[in-house]
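Here is a protein model to read step by step. Look at it before you start.

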Amino acid sequence: MKEPPPLVLFTDLTKYLSALDDDTRAADESAIRALCAKELPPVASTRSLGVLFGFRPQFIGTMRHRPRRYYNVFEIRKGRKKRRIQAPRVAIKIIQKWFGHYLSRAIEFPPHVVGFVPGRSSIEAASRHCQKDWIFSTDIADCFQTTAATDVIDSLVGLGYSETGAELITDLNCLGGSLAQGSPASPVLANLAMTRIDDAISKMARRLQATFTRYADDIVISGIGKPPDTLRSEIEQIFRPTTWRIAEHKTRLVTAGDRMKVHGLLVHEEKPRLTKGYRRRIRAIRHLHEHGKIPESELASALGHLAYAESVENFGKEQASR
């Protein structure tokens, strides 16, 4: 699905405003102009959003107040566990994708936020933890499902949206009081909602002279010397007053001499490297591809693995050429 332009059905702001009825224009024009000035998606009310997409306000009202009608909810197996997917239907997904795309372009997240940020990658994140003496990592359990709608609203208001606009955006991207797992806008909204958590961990990392990155739900802190004894308890304290929780079974501290991995990459040397097992897998995929033995149904996945491996292998070269 291609991303529609910022004003969707209109070529410029003037034409968009002229398409609004008098009452809607009087109520929303100031907010729409302010959002456009910040290059934020101009969502001000149900009526103005309806005009923006060519949807009846009643239709948007139904999507926000009866959202379950606009999702296919099912489970998929991931290893031994089942993962619940909330896949939005086309109408609501169009709005979500448009909003998420332009919101992510408008916000400049701090350097420690690397997941779902244009121009940043897990490879870059891993590179920041290379050649450290210790690495602490943990995951946020069920990140989207534990990102509360109230936190999303507050973060959007802080960004410059009105209460009305923030509540509308949140209603169209949440299901059951938290971010929908399948909404294309959930990654950027989760990043935005976690600003206070990120700031607190970043402040702690600076005090410890450590490096901090967060890639989606994956938090990594690394440093030189002896790891602080209080590191885990400090992280838990930061999360305690929030709706998020760290995944105990994915929390670990490794030190030099152990196998040090970040985002699946080895970080013992100057730049991230593929693990031995993954390199072996890539050689097998490359051999099959060169001999045309990869089934059509598996080709996209195979090419994705090859492209990722090439990105890792070229990472140092790309950095040196800049």
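The questions below go from the whole chain to single strands, helices and residues.

Q: What share of the residues of the protein count as buried?
A: This is a predicted model. The protein has 13 helices and ten strands. Its C-alpha atoms fill a box of roughly 70 × 55 × 45 Å along the principal axes. The protein has 322 residues, and the share that counts as buried is 46%.

Q: Among contacts between residues at least 6 apart in sequence, what share join residues at least 24 apart?
A: Start with contacts between residues at least 6 apart in sequence. Then keep those that join residues at least 24 apart. Their share is 67%.

Q: Which helix gives the largest share of the largest nonpolar core?
A: This core has 69 residues. L49, F99, Y161, I201 and I221 have the most contacts inside it. Six of its residues come from one helix, residues 90–106, and that helix is α5.

Q: How many residues does the other core have?
A: This core lies apart from the largest one. Its members include I123, L274, A302 and L306. Its count is 20 residues.

Q: Which residue of α5 touches both Y161 and helix α8?
A: Leave aside the neighbours of Y161 within four places in sequence. Its contacts then include L35, L40, P41, F99 and I169. On the α5 side, the contact with α8 is made by I92, I95, Q96 and F99. The name found in both lists is F99.

Q: Are α5 and α8 parallel, antiparallel, perpendicular or oblique to each other?
A: Two packed helices are described by the angle and the distance between their axes. The axes of α5 and α8 (residues 163–173) come within 10 Å and cross at roughly 120°. Their crossing is left-handed. Angles between 115 and 145 degrees count as oblique, so α5 and α8 are oblique.

Q: In what order do the four strands of the open sheet stand?
A: Strands of a sheet pair through backbone hydrogen bonds. In this sheet the pairing is antiparallel. The edge strands, β6 (211–215) and β8 (252–255), each pair on one side only. The order is β6-β7-β3-β8.

Q: Which residue of β7 is the bridge partner of F212?
A: Strand β7 covers residues 218–223. Five bridges join β6 to β7, and the two run antiparallel. Helix α10 (residues 195–207) lies across both strands. In β7, the partner of F212 is I221.

Q: Why is strand β3 largely enclosed by the rest of the structure?
A: W134, F136 and T138 point one way from β3. I135, S137 and D139 point the other way, and all are buried. β3 is largely enclosed because the number of its six residues that are buried is six.

Q: Which residue of β8 is the bridge partner of S137?
A: β3 is joined to β7 by six bridges. There, W134 stands opposite G223. β3 also pairs with β8 in the antiparallel sense, over four bridges. In β8, the partner of S137 is R252.

Q: What is the relative accessible area of L179?
A: L179 lies in strand β5 (residues 178–179). Beyond its neighbours within four places in sequence, its contacts include Q86, F144, V152, C174 and L189. Buried means under 20%, and L179 is buried because its relative accessible area is 0%.

Note on methods
Residues are numbered from 1 along each chain as its sequence is written. This is a predicted model: local features need pLDDT of at least 70, side-chain atom pairs count only at pLDDT 80 or more; totals for chains, interfaces and linings use all residues. Side-chain values use heavy atoms; hydrogens and water are left out. A nonpolar core is a set of buried Ala, Val, Leu, Ile, Met, Phe, Trp, Tyr and Cys residues joined through side-chain atoms within 4.5 Å. Buried means under 20% relative accessible area, exposed over 50%, partly exposed in between (1.4 Å probe, protein chains only). Contact means heavy atoms within 4.5 Å. Two strands pair if DSSP finds at least two bridges between them. Axes are lines fitted to C-alpha atoms, for helices over the stretch in contact, and angles run from 0 to 180 degrees between N-to-C directions. Angles under 35 degrees count as roughly parallel, over 145 as roughly antiparallel, 65 to 115 as roughly perpendicular and the rest as oblique. A crossing is left-handed if the near helix is turned anticlockwise from the far one by less than a right angle, and right-handed if clockwise.
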